[in-house]
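The following exercises concern salt bridges, cysteines and overall fold. Each task is followed by a worked solution.

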Amino acid sequence: MCHLKVKNYQDCLKDCSDVLDIDSTSVKALFRQGKCYLALDKWDAAKESFRKVLELDDGNMEARRGLQSVRVKMQAQKEKEKKLYAGKKLFDGKDRPAPKKAPASACCDASAPDGSCCPPPPPEAAAPPPAEQ
C-alpha cells in the first residue's frame, strides 16, 4: 500500500505479485495491482486485474470505478490519436521508391543464336488437374 501511495508502482507490482503467488484470490492485491497498471498506462493488464476482482467480489465498487477509469483512458487515447492523424494520408504510396529496371545489357545476350533477349517470364500457375469421376 505504501508503494502505491508514494507512486512507486514497480515495487508495488512486485509486492502484489508476491502476494498473488501465495494467494491468487487476494482481492486487495488484485485491486492494487490494477491501480498500479492503470497508473503505468498498462490498460489491458489493469482491466484484467479489475475484472478478476469483480469475479471474486461482484459488489466491489472501487473495482468498478477502476474498470471505468480504464475505459475512459482508453477512449481518451483513441480520440487523441484520431485528432493526431485526422486528414492525413499515411500510406499513399508517394514515399515508395520507383522499382529499378535492369539495364538492357544485363539480361540481353546479343550473341544468342535465335536473337532472343532475356529469358521468358515464368509460366503462370498451372491449372489444377481435372477432378476424377
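**Exercise 1.** Identify the salt bridge that involves Asp-18, and place its two partners in the fold.

*Solution.* Step 1: The side chains of Asp-18 and Lys-14 form a salt bridge, with an N to O distance of 3.2 Å. The criterion is a side-chain nitrogen of Lys or Arg within 4 Å of a carboxyl oxygen of Asp or Glu. Step 2: Both residues belong to helix 2 (residues 9-22), where they are four residues apart, about one turn of the helix. Helices are DSSP runs of H or I with at least four residues, strands are E runs of at least two, and both are numbered from the N terminus. Step 3: Asp-18 is partly exposed at 37% relative accessibility. Here buried means under 20% relative accessible area, exposed over 50%, and partly exposed in between, with a 1.4 Å probe and protein chains only.

The model is predicted: local features need pLDDT of at least 70 and side-chain atom pairs pLDDT 80 or more, whereas totals for chains, interfaces and linings use all residues. Residues are numbered from 1 along each chain as its sequence is written, and side-chain values use heavy atoms, leaving out hydrogens and water.

**Exercise 2.** State how many salt bridges the rule gives, and describe those that involve arginine.

*Solution.* Step 1: The count is three salt bridges. Step 2: Arg-64 pairs with Asp-58 at 3.0 Å, N to O; Arg-64 is partly exposed at 36%, while Asp-58 is exposed at 53%. Step 3: Arg-65 pairs with Glu-62 at 2.3 Å, N to O. Arg-65 and Glu-62 lie in helix 5 (residues 61-85), three residues apart, about one turn of the helix. Arg-65 is partly exposed at 47%, and Glu-62 is partly exposed at 40%.

**Exercise 3.** Explain why Cys-12 and Cys-36 are not bonded to each other.

*Solution.* Step 1: A disulfide requires a pair of cysteine sulfur atoms within 2.5 Å. Step 2: The cysteine sulfur closest to that of Cys-12 is in Cys-36, 3.0 Å away, and therefore too far for a bond. Step 3: The search of the whole structure accordingly gives zero disulfides. Step 4: Cys-12 is buried at 4% relative accessibility, and Cys-36 is buried at 0%.

**Exercise 4.** Summarise the secondary structure and burial of the protein chain.

*Solution.* Step 1: The protein chain has six helices and zero strands, in the order α-α-α-α-α-α along the sequence. Step 2: Of its 133 residues, 20% count as buried.
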